[in-house]
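Visitor: I am new to this structure, and I would like a close look at one single part of it.

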Amino acid sequence: MENKPSSSPLHFVDQLVVPGDVVLDLSNMTNQTIKLGGGLRQDGDAISVLKAGKLRNSKPNKYWVESSQKRYVPCAEDSILGIVVDSKPENFLVDIKGSTLAFLPVLAFEGGTRRNIPKLEAGTLLYVRVVKANAGMNPELSCTDASGKAGEFGVLKDGYMFECSTGLSRMLLSSPTCPVLEALGNKLSFEIAVGINGRVWVNGTSPSIVIVVANALMNSETLSGVQQKILVDKLLQKIQT
């Protein structure tokens, strides 16, 4: 049955959608700001689906289509993990696990000036924000939030980074707290940065903690919440014996 456009997309949230489905009709809405993530596009007043998956939402009024894939499709305001591959006079070239490299302007840092351009070597891992993501153009990144502050963005030192599907990344970023992260956080002290582009960075006080956290996250994608907690318990038993 064909999905009919609605003034509220809540009917479609957490449901499977396919390309061509219209999940929202903006002509019926007033005084509301809608933010679109990956898998959705606007054509006039209609918000339609570009790829198969589940429609997800978060406050305030942000919607995207969640699907598990290896290649990342950039979307403005995404928080991602990038790897520096080269530097130019005006930009750093960054691998973001997409079809093209992204540009990180040398001034796109808090308080960035020509006198204090950071020295980022090839291989440096960054937590960055996507500023621009237009079709046919290389994405543009920033190491600041919308207010120009560094916040959580910047160089990620030490720790361990692994690649995963974009579906797992979105699961780890889900709200309320993801079960596997909640179970790990109750027992261990560690740092984590999750990029919506299918990259996760973990750091801890010991290599064994990093290994346990990384293994738990990598093996949790297809598990239920209860199964995720059981997995964490089993992994913790191994480092306690």
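Visitor: Is the crossing in which α3 passes α4 left-handed or right-handed?

Guide: α3 passes α4 in a right-handed crossing, the near helix being turned clockwise from the far one by less than a right angle (anticlockwise would be left-handed). This is a predicted model, in which local features need pLDDT of at least 70 and side-chain atom pairs pLDDT 80 or more, while totals for chains, interfaces and linings use all residues. Residues are numbered from 1 along each chain, and side-chain values use heavy atoms, without hydrogens or water.

Helix α3 covers residues 207–218 and helix α4 residues 225–240, helices being DSSP runs (H or I, at least four residues) numbered from the N terminus. Their axes come within 10 Å and cross at roughly 155°, the axes being lines fitted to C-alpha atoms over the stretch in contact, with angles from 0 to 180 degrees between N-to-C directions. The two helices are therefore roughly antiparallel to each other, a label for angles over 145 degrees.

On the side of α3, the contact (heavy atoms within 4.5 Å) is made by Ser 208, Val 212, Asn 215 and Ala 216, and these meet Leu 231, Val 232, Leu 235, Leu 236 and Ile 239 of α4. Seven residues of this contact are nonpolar, two are polar and none is charged, where Ala, Val, Leu, Ile, Met, Phe, Trp, Tyr, Cys and Pro count as nonpolar, Asp, Glu, Lys and Arg as charged, and the others as polar.

Beyond this contact, the model has six salt bridges, each a side-chain nitrogen of Lys or Arg within 4 Å of a carboxyl oxygen of Asp or Glu.

How values were computed
Parallel < 35°, antiparallel > 145°, perpendicular 65-115°, else oblique.
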